[in-house]
Amino acid sequence: TAISVIAVSAIALIGGVAYAVTIDDPNGRARYERIVDPMSDPAYAVRVAKWEDAFEELEGHPFGLGLGTAGQVNELSGRFRTVASLNLDNSYIKVAYEQGWIVFAYFAAALLALLLTMAAAAIRARSREIAGPAIGAVGALASMLVSFYTGLYIEGLIALSGWIVVGLGISGLVTRRPRRA
């Protein structure tokens, strides 16, 4: 308990000092204010405009516009330029754009179910050797879910390392116990 109190106090102290130093700088203060109001950030506003354009193109297409109409495949071999030809900056919207809202809902539900199931199994793991990698895999999957919101990290080699960590973490949870003779 004492270590936790000291750690929280140190984090609060460092954060307070960083805030006090930053508050005098108008540029630094504006950057922190944009965290609370992201629409005041020009880069985020551009992303939201791209997303809204993608939603408009998706209207009338309940099953999406087809695989390869967004992301790297469209950049390499797309026949037509669309809103999604440029970087959509959101993996979830890419799934909805290509495959529709129903598939997006199943995709999001499956990822959340995997995260929650893996977290519960990691807590109930029978040994530390299994629980450690499983907890790490839960953290990796959680960070991937957040990253999917910020860019097209769902395709290509960039996604592979995260899925390898998730696979290694879950492998100990799904193996059967050896039978005693």
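I take buried to mean under 20% relative accessible area, exposed to mean over 50%, and partly exposed to lie in between. I note at the outset that the model is predicted.

**Entry 1: Lys-94 and its partners**

I began with Lys-94, which I located in helix α5. I read a relative accessible area of 8% for Lys-94, so I entered this residue as buried. I then looked up Glu-155 and found that Glu-155 is buried, as is Lys-94. These two residues form a salt bridge, with the closest N and O atoms 3.4 Å apart. I recorded that the pair links distant parts of the chain, since Lys-94 lies in helix α5 and Glu-155 in the loop between α7 (128–150) and α8, 61 residues apart.

I next checked Glu-98, which forms a salt bridge with Lys-94 at a distance of 3.0 Å between the closest N and O atoms. Glu-98 and Lys-94 are four residues apart in helix α5, so about one helical turn separates them. I noted that Glu-98 and Lys-94 are both buried.

I also listed the contacts of Lys-94, leaving aside its neighbours within four places in sequence. Among them I found Ala-70, Gly-71, Leu-88 and Leu-152, together with Ile-154 and Glu-155.

**Entry 2: Asp-89 and Lys-50**

How many salt bridges does the structure hold? I found four. One of the pairs I looked up is Asp-89 with Lys-50, whose side chains meet in a salt bridge at 2.8 Å, N to O. This pair, too, links distant parts of the chain: Asp-89 is in the loop between α4 (71–77) and α5 (91–99), Lys-50 is in helix α3 (residues 42–58), and the two are 39 residues apart.

Is Asp-89 buried or exposed? I entered Asp-89 as buried, because its relative accessibility is 11%. Lys-50 has a relative accessible area of 21%, and I therefore entered Lys-50 as partly exposed. I added that Arg-47, Lys-50 and Asp-89 are linked in a network of salt bridges.

As a general remark, I wrote that side chains of opposite charge can pair when their charged atoms come close.

**Entry 3: A nonpolar patch**

I turned last to the surface. Which residues form a nonpolar patch there? I found Leu-157, Leu-160, Ile-164 and Leu-168, which together have about 430 Å² of accessible area. I placed Ile-164 in helix α8 (residues 160–174). The relative accessibility of Ile-164 is 44%, so I counted this residue as partly exposed.

Note on methods
Residues numbered from 1 in each chain as written. Predicted model: local features only at pLDDT ≥ 70, side-chain atom pairs only at ≥ 80, totals over all residues. Heavy atoms only, no water. Patch = residues over 30% accessible without salt bridge, like charges linked within 9 Å, V, L, I, M, F, W, Y side chains within 5 Å. Areas by Shrake-Rupley, 256 points an atom, 1.4 Å probe, with all protein chains shown as cover. Buried < 20%, exposed > 50% of the residue type's maximum accessible area, 1.4 Å probe, protein only. Contact = heavy atoms within 4.5 Å.
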